[in-house]
Amino acid sequence: MSMTSYAKEKRLQALAKRAGVRLAEALTEGNKPKAQHFKARMYRLLNVVASLRVQEVARA
């Protein structure tokens, strides 16, 4: 079963939010490499969400 674009977007947003939480935790711990990893992951996921939105607009 494939996910709808709405469900996919919500899932990616949730993953990005969790990466942001983990980023904050890593910064609190003072673990810079881990913080950089989660920051990159968060932005990568948000870029995918943005590209999904562009695709939706193009289809409409």
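A nonpolar core is a set of buried Ala, Val, Leu, Ile, Met, Phe, Trp, Tyr and Cys residues joined through side-chain atoms within 4.5 Å. The model used here is predicted.

**Exercise 1. Find which residues make up the largest nonpolar core, and which helix supplies the largest share.**

Step 1. List the members. They are Leu12, Ala16, Ala19, Leu23, Ala26, Ala35, Phe38, Met42, Leu45, Val49 and Leu52, 11 residues in all.
Step 2. Look for the helices behind them. H1 and H2 each supply at least two residues of this core.
Step 3. Find the largest share. H2 gives it, with 6 residues.
Step 4. Take one member, Leu52. Leave aside its neighbours within four places in sequence. Leu52 is then in contact with Lys8, Glu9 and Leu12.

**Exercise 2. Describe how H1 packs with H2.**

Step 1. Two packed helices are described by the angle between their axes and the distance between the axes.
Step 2. Set the ranges. H1 covers residues 5-29 and H2 covers residues 32-59.
Step 3. Read both values. The angle is about 160°, and the axes are 8 Å apart.
Step 4. Classify the angle. Angles over 145 degrees count as roughly antiparallel, so H1 is roughly antiparallel to H2.
Step 5. Sort the contact residues of H1 with H2. There are 15 nonpolar, 3 polar and 9 charged.
Step 6. Give the handedness. H1 passes H2 in a left-handed crossing.

**Exercise 3. Is Arg18 buried, partly exposed or exposed?**

Step 1. Place Arg18. It sits in helix H1.
Step 2. Take its relative accessibility, 45%.
Step 3. Compare with the cut-offs. Buried means under 20%, and exposed means over 50%. Arg18 therefore counts as partly exposed.
Step 4. Add a distance. Arg18 and Ala40 are 22 residues apart in sequence, and their C-alpha atoms are 13 Å apart in space.

Methods:
Residues numbered from 1 in each chain as written. Predicted model: local features only at pLDDT ≥ 70, side-chain atom pairs only at ≥ 80, totals over all residues. Heavy atoms only, no water. Axes fitted to C-alpha atoms, helices over the stretch in contact; angles between N-to-C directions. Helix = DSSP H or I, 4+ residues; strand = E, 2+ residues; numbered from the N terminus. Parallel < 35°, antiparallel > 145°, perpendicular 65-115°, else oblique. Left-handed = near helix turned anticlockwise from the far one by under 90°. Nonpolar A, V, L, I, M, F, W, Y, C, P; charged D, E, K, R; others polar. Buried < 20%, exposed > 50% of the residue type's maximum accessible area, 1.4 Å probe, protein only. Contact = heavy atoms within 4.5 Å.
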